[in-house]
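This briefing addresses a bench biochemist who wishes to read a protein model from its cysteines, its packing and its backbone. The points below are grouped by topic.

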Amino acid sequence: MAELQKNQLHTLTMDGYTAEGLGVARIEGRVVFVHGGVRGEVCSVRILKVLKNMAFGRVEEIFQPSPARREPDCPHYPACGGCAFRHISYEEELEAKRQRVEDALRRIGGAEIGVEEILPCAQIDGYRNKSQFPVSPEGRAGFYRARSHDVIPALDCRLQAPQANRAAASVEAYLRELSVPAYDERTGEGLLRHIYVRTNRDGQSLVCLVVNGGRLPREAELVRRIRAACPDVSGIVLSRNDRDTNVILGDSFRILWGADTLTDSLCGLRFQLSVPSFYQVNRDQAERLYGKAIEFAGLTGRETVLDLYCGAGTISLAMGRHAARVIGAEIVPEAIENARENARLNGVGNAGFFLGDAGAVAKKLAADCLRPDVVVVDPPRKGLEAEIIPTISAMGPERVVYVSCDPGTLARDVKRFQEAGYVPARAAAVDMFPRTAHVETVVLLSKLRTEHHIEVDLDLGDMDLTSAESKATYDEIKAYVLEKFGLKVSSLYISQIKRKCGLEVGENYNHPKSENTKVPTCPPEKETAIRKALEHFKMV
């Protein structure tokens, strides 16, 4: 193998993308990650950095361009680290993200399931309802350069709501014109660290200023400027953070003007949100994500649902309309207060919320003999703590619905769930963050019953068809369920659901080979799929 050196030029073909959106190529088997690479292109690539098993480069010249390549539409791209895909079409971005999730589930998670679909976003700019602008020591607001804390000034970011950009510009002018020092993380000196803006569906905003201390100079003047820039602002809050940390928000909040919460609508419900409450940044896509999670949960109105990492109760309350009872757990006190208030605000009486670490709350509920039918987890990017999975397994839910913003940690946890007796049955992706490298995923994990049951798959395809039911054979029903839902169902399960629907079945139905053999019962998600198949074939 020839030695690879910095500044060398190589003609390479891009064959994929990294998780960060870089192109992927190979030189004599060694992988090269290429800035600006587009799948399928043949390019001249300059080597920028050589490591033991990989190298990094950038596109110098394109010999065979891809039809997916686009001229970037943002002056800050690619210097700003926010976006990763402004040089390709949205269709190519969607496929890159779908493939990323599928590859992670198979390679890391050992899950041989496909990603059914990736739900696209109708609005690929201006979709963020929460903005967090870091402030440079020079008092400029913007976003970090990739893999650094260098701030790229960007008060016209295409991803943010216009109100957020205007609020940040007014604060930047306040710093400059009143000579207010911004925070310098290298020295620990200065005041303003971050500008945080949350915006609701009606265009109202909640602004929070993160400060290295308890006060800012001339706070009344600052309030006047923000209100002039954003007439629909509902509140302005100061958060004290004087720690040497990368965590943005502090632990205390003081109202400078107006309210310290903002009310928004999601999934037909109203939610009251404080600054630290978790809330999906893309409202429209969050509704599609939660709809998919509810579909995977297979709720019939009789279930108990445990929602770990519940935030302000968005998933809990959305599922509460389809379940008998919902229990939420969250470690952020303000979020739990919001969740309880949101339940009251929406008249949801079947939801209760616990304050505490997800693992600790799950252990306590398990010790109290809670046996939920469905567990929903929506953890932070780092995924689940390892000890939570055995606790969930010990509760014995029929289904686990895992919502994730990181395919890598999701796949790792899917593998752990399989070791605990839960197999992945369905997976779908949602493009919550267009133009960035991030993607949201929801996976359904179903409980295995090998310790209690023997799966018996009798070939009843030609034994019990009547003239009224001859529209589909058992094999046709199985094929339909596998194609549409990604589930494998047995002839026994089909017979059970046919009988529930009032259809006649043959004499072999439900007969075990011996009196010690326990006949398995069709799981709810498979029952739903079989019923859909029977409807499709007009048998019910």
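Cys 80 counts as buried, because its relative accessibility is 13%, under the 20% limit for that class. The model is a predicted one, and a search of the whole structure finds zero disulfides in it. For Cys 80, the nearest cysteine sulfur belongs to Cys 157 and lies 6.3 Å away; a disulfide would require the two sulfur atoms to be within 2.5 Å.

**Cysteines**

- A disulfide is a covalent bond between the sulfur atoms of two cysteines.
- Cys 121 is likewise without a partner: the closest cysteine sulfur, in Cys 83, is 13 Å from its own, which is too far for a bond.
- Cys 121 has a relative accessibility of 8% and therefore counts as buried.

**Nonpolar cores**

- The largest nonpolar core contains 98 residues. Within this core, Ile 195, Leu 209 and Leu 216 have the most contacts.
- Helix 4, spanning residues 283-297, supplies the largest share of this core, namely seven residues.
- A second core, separate from the largest one, has 38 residues. Among them are Leu 365, Leu 384, Ile 392 and Val 400.
- When neighbours within four places in sequence are left aside, the contacts of Leu 209 include Ile 195 and Leu 216, which are also named with Leu 209 for the most contacts inside the largest core.
- Further contacts of Leu 209, on that same basis, are Val 171, Leu 192, His 194, Leu 222, Ile 226, Val 237, Leu 238, Ser 239 and Leu 256.

**Cavities**

- The structure has two cavities of 30 Å³ or more.
- The second largest cavity has a volume of about 40 Å³.
- The lining of the second largest cavity comprises five nonpolar, two polar and two charged residues.
- The residues that line the second largest cavity are Phe 278, Tyr 290, Asp 307, Tyr 309, Cys 310, Gly 311, Thr 314, Ile 315 and Asp 378.

**Surroundings of Phe 354**

- Phe 354 belongs to strand 19, which covers residues 351-355.
- With a relative accessible area of 36%, Phe 354 is partly exposed, because this class falls between the limits of 20% and 50%.
- Phe 354 and Ile 331 are separated by 23 residues in sequence, while their C-alpha atoms are 8.5 Å apart in space.
- Beyond four places in sequence, Phe 354 is in contact with Ile 327, Gly 328, Ala 329, Glu 330, Ile 336, Arg 340, Val 361 and Leu 365. One of these, Leu 365, is included in the second core.

**Backbone features**

- The peptide bond that joins Tyr 77 and Pro 78 is cis, with omega at about 5°.
- Pro 78 is placed in the loop between strand 6 (54-64) and helix 1 (90-107).
- Glu 28, a residue other than glycine, has a positive phi near 50°. The loop that holds Glu 28 runs between strand 3 (23-27) and strand 4 (30-35).
- Arg 147 also has a positive phi, near 55°, and is a residue other than glycine.
- The position of Arg 147 is in the loop between strand 9 (142-144) and strand 10 (151-153).
- Arg 147 is exposed, because its relative accessible area is 69%, over the 50% limit for that class.

Terms used. Residues numbered from 1 in each chain as written. Predicted model: local features only at pLDDT ≥ 70, side-chain atom pairs only at ≥ 80, totals over all residues. Heavy atoms only, no water. Buried < 20%, exposed > 50% of the residue type's maximum accessible area, 1.4 Å probe, protein only. Core = buried A, V, L, I, M, F, W, Y, C linked by side-chain atoms within 4.5 Å. Helix = DSSP H or I, 4+ residues; strand = E, 2+ residues; numbered from the N terminus. Contact = heavy atoms within 4.5 Å. 1 Å grid on protein atoms, 1.4 Å probe; cavity = no way out; pocket = protein on both sides within 12 Å on 5 of 7 lines; lining within 4 Å. Points joined across faces, edges and corners; volume = space filled by probe spheres on them. Nonpolar A, V, L, I, M, F, W, Y, C, P; charged D, E, K, R; others polar.
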